[in-house]
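Open your viewer, get comfortable, and take this tour one selection at a time. At each stop you will read what to select and what is there.

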Amino acid sequence: MPSLIDLTLEGRKVEHHRPWPRVVVDANVWQFAAGELAHGRWTLLGLWGEPDAVHMAIMDKDTAEAVIVSLDCPDRRYPSVGLHHPPALRLERAIHDLFGLSAEGSPDTRRWLDHVRWGIRFPLGDRIDALPSTVPYPFLKAEGDGLHQIAVGPVHAGIIEPGHFRFTASGETVVRLEQRLGYVHKGIEGLMAGASLESAAKLAGRVSGDSTVAYAYAFSRATEAALELVVPDRAVCLRALLAELERLANHLGDIGAICNDASFALMLAHCAVLRESVLRAANTAFGHRLMRDIIVPGGVTRDISHEGAEAIQVALDNIRLRFPPLVELYDNTASLQDRTVDTGVLRLPLARQYAPGGYIGRASGRDFDARRTLGYAPYDSLRFEVPVLNEGDVNARVWIRVREVEQSLSLIGQILGRLPEGPIGTHAAHRREPREGIAFVEGFRGDILVWLRLRDGQVERCHLRDPSWFQWPLLEAVIENNIVADFPLCNKSFNCSYSGHDL
């Protein structure tokens, strides 16, 4: 059986692509890779397009070797990966909407990001003028006696991004859920084309507001890989500090919000206070509650002072004191456990097929964390554990967050205790020839992928893949055979990003 390394010998290796190889292959090798994904031997990390080519990032599950395979599409067609491997379907539909490249043999050719309101089709490929359409989106049909449909969204109650959910139910039991996303499409990849590194880094940090650190981190690491740029040790540690503060704040907020959707508002109130303490400490330390625009190619824009480190330490001490009683309260409240245990179960085979990142995958037996599996600095020299459970229900997703809160507290303490002296940045080297780079960063939802091509100091092409691409479809699966009233609970336990997905 050919390995990923063997696969790289089958095609033309692209120069100046780091840290993993990119090879241009023919249709036969492309289809072979799709088959390996379908058989579960390799993992799909990303699938994206250009006006005349498609690219696929894949990883060997056993060795963690990764490679990017590319296929030229002179006739604007390529063999469908989704035909064999369903996690690729939505990515293929997005490629068609943006570039006009068609996946031959795909079982689902409906538009995805394009709601026929842009005025053009294929905005990043060969543009075609298009008039607004009044034809409704063709949701999949469900037939049976006594079935009815419930339409939710795209506008929701409260402060939440737009997305449409179409339920088919038999009484209170959900028979099918189908999502319609794309309402928050901002044209990020189009805005990236031709942008300076400074502007592109800011754009990356605005893909999904709750992951501004993780996206800027991934973009910067991809840039540094392309330019072979060495980041100072102090900046490397500060980046991890920022990332763990972001993870800590989001997990605390999610734990409270999940309990609130199970009608236990007390947990929301207490967790919200703890989350606020993290945000205030971040503001004191870095001048911004969400730590936006701090990580840039080459390092960070702001150092941490003694006052900032002290503010973070006070917040950590407060969480260590107040969080364990909240965990005990969650675990010992029978009415809460009744709502979360055995609700919204993501089965292990489906988790293996879709390879979702973060707490969703780890609550269903997927032992993957980019910080450990791919071992980027400084995590390769820090002590931490990756919690994994097999139950796959809402309760398991809560417990993964609880354990990750504990790990982030430990990591932040380690980083503050060993923060080296020295500069916090270095200037990006100017390269006239095209350079390509790819990076993975573990955000609070899971692994974020950024691939880019730089030319003459500017971004020629940049693709940013949110972990939600492989998580949203699974929400459709876990709600089946649950009652309609449990959807908010399942949805919040997933907490997928609309903005990060819609680009």
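**Stop 1: a cavity and its main contributor**

Start by selecting α3 (89–99), which gives the largest share of the lining of the largest cavity, five residues. What is a cavity here? On a 1 Å grid over the protein atoms alone, a cavity is a set of points where a 1.4 Å probe fits but cannot get out, and lining residues have an atom within 4 Å of a point. Helices (H or I, at least four residues) and strands (E, at least two) are DSSP runs, numbered from the N terminus.

Before going on, a word on what you are viewing: this is a predicted model, in which local features need pLDDT of at least 70, side-chain atom pairs count only at pLDDT 80 or more, and totals for chains, interfaces and linings use all residues. Residues are numbered from 1 along each chain as its sequence is written, and side-chain values use heavy atoms, with hydrogens and water left out.

Now add β4 (42–50) and β18 (458–465) to your selection; like α3, each supplies at least two residues of this lining. The largest cavity holds about 80 Å³ of space. A volume is the space filled by probe spheres set on the points, with grid points joined across faces, edges and corners. Show Leu47, Ala94, Ile95, Leu98 and His463 as sticks: of the 13 lining residues, these are the closest to the centre of the cavity. By class, the lining has nine nonpolar, two polar and two charged residues. In this scheme Ala, Val, Leu, Ile, Met, Phe, Trp, Tyr, Cys and Pro count as nonpolar, Asp, Glu, Lys and Arg as charged, and the others, Gly among them, as polar. How many cavities of 30 Å³ or more does a search of the whole structure find? The search finds three.

**Stop 2: the whole protein**

Zoom out and switch to a cartoon view. The protein has 17 helices and 18 strands. Its radius of gyration (taken over C-alpha atoms) is 22 Å, close to the 23 Å that the globule rule (2.2 Å times the number of residues to the power 0.38) gives for 503 residues, so the protein is as compact as a globular protein of that length. Along the principal axes, the C-alpha atoms fill a box of roughly 65 × 60 × 50 Å. Buried residues make up 57% of the 503 residues; buried means under 20% relative accessible area, exposed over 50%, and partly exposed in between (1.4 Å probe, protein chains only).

**Stop 3: the largest pocket**

Next, select Ile159, Asp210, Arg445, Lys492 and Asn495, which lie nearest the centre of the largest pocket among its 31 lining residues. A pocket is an open set of points with protein on both sides within 12 Å along at least five of seven lines. About 950 Å³ of space lies in this one. Colour α7 (233–261) as well, because α7 gives the most to the lining, with seven residues. The lining has 14 nonpolar, nine polar and eight charged residues.

**Stop 4: the second largest pocket**

Select Arg90, Leu140, Tyr354, Pro473 and Glu476, the closest to the centre of the second largest pocket of the 22 residues that line it. This pocket holds about 460 Å³ of space. Which element gives the most to the lining? Strand β13 (173–180) does, with four residues. By class, the lining divides into 13 nonpolar, one polar and eight charged residues.

**Stop 5: salt bridges**

Pick Glu228 and Arg18, whose side chains meet in a salt bridge (3.6 Å, N to O). A salt bridge is a side-chain nitrogen of Lys or Arg within 4 Å of a carboxyl oxygen of Asp or Glu. Glu228 lies in the loop between α6 (212–227) and α7 and Arg18 in strand β2, so the pair ties together parts that are 210 residues apart in sequence.

Move to Asp293 and Arg206, which form a salt bridge with the closest N and O atoms 2.8 Å apart. Then try Arg111 and Asp114, another salt-bridged pair (3.8 Å, N to O). Is Asp114 buried or exposed? Asp114 is buried, with a relative accessible area of 3%, while Arg111 is partly exposed at 30%.

For a last selection, take Glu244, Arg247, Arg362, Asp369, Arg371, Glu404 and Glu442, which are linked in a network of salt bridges. The count of salt bridges comes to 34.
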